[in-house]
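Subject: Structure for your review

Dear colleague,

Please find below the structure that I am handing over to you. My notes on its salt bridges and pockets follow it.

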Amino acid sequence: STGQSDARGALIVLEGLDRSGKTSQSARLLSHLNGLGYPVESWRFPDRDTAVGKMISSYLTNQSQLDDHTIHLLFSANRWEKRSLMEAKLKSGTSLIVDRYSYSGVAFSSAKGLDIEWCKAPEVGLLAPDLVMYLNIPPEKAAERGGYGGERYEQLEFQKSVAKYYEMLSDPSWKMIDACLPLEDVEEQMKEIVLDCVVSCQKGKPLTHLWL
Ligand code: NYM
């Protein structure tokens, strides 16, 4: 194969605790790739704009109460409802920078005491990321960053537990980024890693599925 017809966009996922800097870095990566002329979009989960996303948002802002299993499945459903669009974008050559994905889903729900394998099950069959970058920050440091916004889960003890589950989920392919470094240094590291990934997907690296 020449590789040309298999060229596709890259599925790039940013993970990390609340206040680890994922959202700022997503924006920076988006404009970097844009500037280089690569088609790219920035996505995030939960996507609060869909009907399911509105239920999630209301739960996160404490306007509604839901059973732990129920909210877990809603977060997963929120990814499933975007799955076909995600695949279409990637196949048409657009790269996606995604702020949180299935790993957030499993880490946050497991930290509440749900069984980790039960948490992974509804994620099976979603597209697997080509790259996971983990913005690594001690929970105490993250908590110091201007405090938390007051949404559900934004508490130090809970975040410590989430960090443990992220560690269990991580594999050697994850790029661990020291999120305590200045924003610009974090950005420089991430730009290089992301570009490598975009180039390898352009060359036709096959798309795979969770759970890996
Ligand atoms: N969260 C996010 C989950 O509990 N499960 C999921 O599947 C996802 C995608 O939602 N504290 C949690 C993590 C965050 C919260 O995310 C809202 P954000 O990035 O602050 O909008």
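With which residue does Glu87 form a salt bridge, and how far apart are the closest N and O atoms? The partner is Lys91, and the closest N and O atoms are 2.7 Å apart. Both residues belong to helix H3, where they are 4 residues apart, about one turn of the helix. Lys91 has a relative accessible area of 54% and is therefore classed as exposed, since the cut-off for that class is over 50%. Please bear in mind throughout that this is a predicted model.

Salt bridges

In the whole structure, the search finds 17 salt bridges. One of these is formed by Arg100 and Asp18, whose closest N and O atoms lie 2.9 Å apart. Arg100 sits in the loop between strand E3 (95-99) and helix H4 (102-111), whereas Asp18 sits in the loop between strand E1 (11-16) and helix H1 (22-35), so this pair ties together parts that are 82 residues apart in sequence. Arg100 has a relative accessibility of 11% and therefore counts as buried, because the limit for that class is under 20%. Asp18, at 13% relative accessibility, also counts as buried.

A further salt bridge joins the side chains of Arg79 and Glu123, with an N to O distance of 2.8 Å. This pair, too, links distant parts of the chain: Arg79 is in helix H3 (residues 68-91), and Glu123 is in the loop between helix H5 (116-120) and strand E4 (131-136), with their positions 44 residues apart in the numbering. Arg79 and Glu123 are both buried.

To return to the contact within helix H3, Glu87 and Lys91 form their salt bridge at 2.7 Å. Elsewhere, Arg28, Glu184, Glu187, Glu188 and Lys191 are joined into one network by salt bridges that share partners.

Annotated region

The UniProt record, an unreviewed entry, lists residues 14-189 as "domain: Thymidylate kinase-like". Over residues 14-189, the chain is 51% helix and 13% strand. The end C-alpha atoms of this stretch are 13 Å apart.

Pockets

The largest pocket has a volume of about 600 Å³. Its lining consists of 29 residues, and those nearest its centre are Asp18, Lys22, Arg44, Arg100 and Glu154. Asp18 and Arg100 are thus named here as well as in the salt bridge described above. Helices H1, H3 and H4 each supply at least two residues of this lining, and H4 gives the most, with 4 residues. By class, the lining of the largest pocket has 12 charged, 9 polar and 8 nonpolar residues.

The second largest pocket has a volume of about 310 Å³. It is lined by 18 residues, of which Pro129, Val132, Asp171, Ser173 and Trp174 are the closest to its centre. Two or more lining residues come from each of E4, helix H7 (156-169) and helix H8 (183-202). H8 gives the most to this lining, with 3 residues. The lining of the second largest pocket has 12 nonpolar, 5 charged and 1 polar residues.

Yours sincerely

How values were computed: Residues are numbered from 1 along each chain as its sequence is written. This is a predicted model: local features need pLDDT of at least 70, side-chain atom pairs count only at pLDDT 80 or more; totals for chains, interfaces and linings use all residues. Side-chain values use heavy atoms; hydrogens and water are left out. A salt bridge is a side-chain nitrogen of Lys or Arg within 4 Å of a carboxyl oxygen of Asp or Glu. Buried means under 20% relative accessible area, exposed over 50%, partly exposed in between (1.4 Å probe, protein chains only). UniProt positions are given in the numbering used here, feature names are shortened, and annotations may be inferred rather than shown by experiment. On a 1 Å grid over the protein atoms alone, a cavity is a set of points where a 1.4 Å probe fits but cannot get out, and a pocket is an open set with protein on both sides within 12 Å along at least five of seven lines; lining residues have an atom within 4 Å of a point. Grid points are joined across faces, edges and corners, and a volume is the space filled by probe spheres set on the points. Ala, Val, Leu, Ile, Met, Phe, Trp, Tyr, Cys and Pro count as nonpolar, Asp, Glu, Lys and Arg as charged, and the others, Gly among them, as polar.
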